[in-house]
Amino acid sequence: MRQLYHFWLSPFSRKVRLVLAEKKLDFELVAEPVWERREEFLRLNPAGEVPVLQEEDGTIIADSTVICEYIDEVYKDDPLMGSSPVERAEIRRLVAWFDGKFNTEVTENLLGEKYLKRYFAKGSTPDTGCLRAGRVNVGHHLDYLGWLFERRKWLAGDHLTMADIAAAAQISVIDYMGDIKWARHERAKEWYMRIKSRPSMREILADRQVGFPPSSHYADLDFE
């Protein structure tokens, strides 16, 4: 069976998990403590980062964007990258937005300070300035997401695409930590409720990190 080396709260790992689930492909999760820099894992990906996909024939693919586009190209049912150059350009723009801008301005400030410092900078305390910036920035991003959703059926157009998956992967991590005030972002909340109801999200919503429980509404489809 194909294996996905991942970290539970990595949004990039979650993105690949969602794509595999949307494609209805079987896979085994292998939790990888990247901070340990295991030699066996570094042989799979010298960058020492998750996610890494190992196909049944031994093929190794690293980097979430590369993995996701590979999966969409090889397994053509339920395409996630659009059907025209213009559509693909918009999908890639939004994937880059959430993988890059959102991750830098929100996820690194919140997940990085609240959780990852435990492993990469033991003894460090969360930087309150970073936490404050992350919480302010997430509001701006959700406002933009809501603006897109008011004008389209999904973020990039009429169908679920890689753009929605990239956004859901990042936002699910922030929601796990309880750092989103959903009452201020009703349109974004409507979009996220739609994503949460998809079968591909079931395992994501069942995730629990030992010693770091999720927000009370994390797994609830209606946020109650």
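Visitor: In this predicted model, how many residues in the lining of the second largest pocket are nonpolar, polar and charged?
Guide: The second largest pocket encloses about 220 Å³ of space. Its lining is made by Ala-21, Glu-22, Lys-24, Asp-78, Pro-79, Leu-80, Leu-160, Arg-198, Pro-199 and Ser-200. Sorted by class, that lining has five nonpolar, one polar and four charged residues.

Visitor: What volume does the largest pocket have?
Guide: The largest pocket has a lining of 24 residues. Ser-10, Pro-11, Phe-12, Glu-49 and Val-50 are the ones that lie nearest its centre. The volume of the largest pocket is about 540 Å³.

Visitor: Which element gives the largest share of the lining of the largest pocket?
Guide: Elements that give two or more residues to this lining are H1, helix H3 (64-74) and helix H4 (85-120). By class, the lining has 12 nonpolar, eight polar and four charged residues. The largest share is eight residues, and the element that gives them is H4.

Visitor: Val-50 came up at the centre of that pocket. Which residue does a cis peptide bond join to Val-50?
Guide: The omega angle of this cis bond is about 5 degrees. The partner lies in the loop between helix H2 (39-44) and strand S3 (52-54). The residue joined to Val-50 is Pro-51.

Visitor: Which residue other than glycine has a positive phi near 50 degrees?
Guide: Look in the loop between strand S2 (28-31) and H2. A residue there has phi near 50 degrees, a positive value, and is not a glycine. That residue is Arg-37.

Visitor: How much space lies in the largest cavity?
Guide: The count comes to one cavity of 30 Å³ or more. Its lining consists of Leu-18, Glu-22, Leu-160, Asp-164, Ile-165, Ala-168, Ile-195, Arg-198, Ser-200 and Met-201. These divide into six nonpolar, one polar and three charged residues. The space in the largest cavity is about 50 Å³.

Visitor: Which helix gives the most to the lining of the largest cavity?
Guide: Helix H1 (11-22) and helix H6 (162-176) each supply at least two residues of this lining. The greatest contribution is three residues, and the helix that makes it is H6.

Visitor: H1 and H6 also cross; are they roughly perpendicular or oblique to each other?
Guide: The axes of H1 and H6 come within 8 Å and cross at roughly 130 degrees. Angles from 65 to 115 degrees count as roughly perpendicular, and those over 145 as roughly antiparallel. The crossing angle therefore makes H1 and H6 oblique.

Visitor: Which hand does the crossing of H1 and H6 have?
Guide: On the H1 side, the contact residues are Pro-11, Phe-12, Arg-14, Lys-15, Leu-18, Val-19 and Glu-22. Those of H6 include Met-162, Ile-165, Ala-166, Ala-168 and Tyr-176. By class, this contact has 11 nonpolar, two polar and three charged residues. The crossing is right-handed.

Visitor: How are H6 and H7 set, roughly parallel or roughly perpendicular?
Guide: H6 and H7 pack with axes 11 Å apart, at an angle of about 100 degrees. An angle of 65 to 115 degrees counts as roughly perpendicular. H6 and H7 are therefore roughly perpendicular.

Visitor: How many residues of the contact of H6 with H7 are charged?
Guide: H6 brings Asp-164, Ala-167, Ala-168, Ile-171, Ser-172 and Asp-175. H7 brings Trp-191, Tyr-192, Ile-195 and Lys-196. Six of these contact residues are nonpolar and one is polar. The number of charged residues is three.

Visitor: At what angle do the axes of helix H5 and helix H7 cross?
Guide: These are helix H5 (residues 128-151) and helix H7 (residues 186-196), with axes that come within 7 Å. H5 and H7 are roughly perpendicular to each other. Their axes cross at roughly 75 degrees.

Visitor: Which residues of H7 meet H5?
Guide: From H5, the contact takes Leu-142, Leu-145, Gly-146, Phe-149 and Glu-150. The residues of this contact divide into five nonpolar, one polar and four charged. From H7 come Arg-187, Ala-188, Glu-190, Trp-191 and Arg-194.

Definitions and conventions
Residues numbered from 1 in each chain as written. Predicted model: local features only at pLDDT ≥ 70, side-chain atom pairs only at ≥ 80, totals over all residues. Heavy atoms only, no water. Axes fitted to C-alpha atoms, helices over the stretch in contact; angles between N-to-C directions. Helix = DSSP H or I, 4+ residues; strand = E, 2+ residues; numbered from the N terminus. Parallel < 35°, antiparallel > 145°, perpendicular 65-115°, else oblique. Contact = heavy atoms within 4.5 Å. Nonpolar A, V, L, I, M, F, W, Y, C, P; charged D, E, K, R; others polar. 1 Å grid on protein atoms, 1.4 Å probe; cavity = no way out; pocket = protein on both sides within 12 Å on 5 of 7 lines; lining within 4 Å. Points joined across faces, edges and corners; volume = space filled by probe spheres on them. Left-handed = near helix turned anticlockwise from the far one by under 90°.
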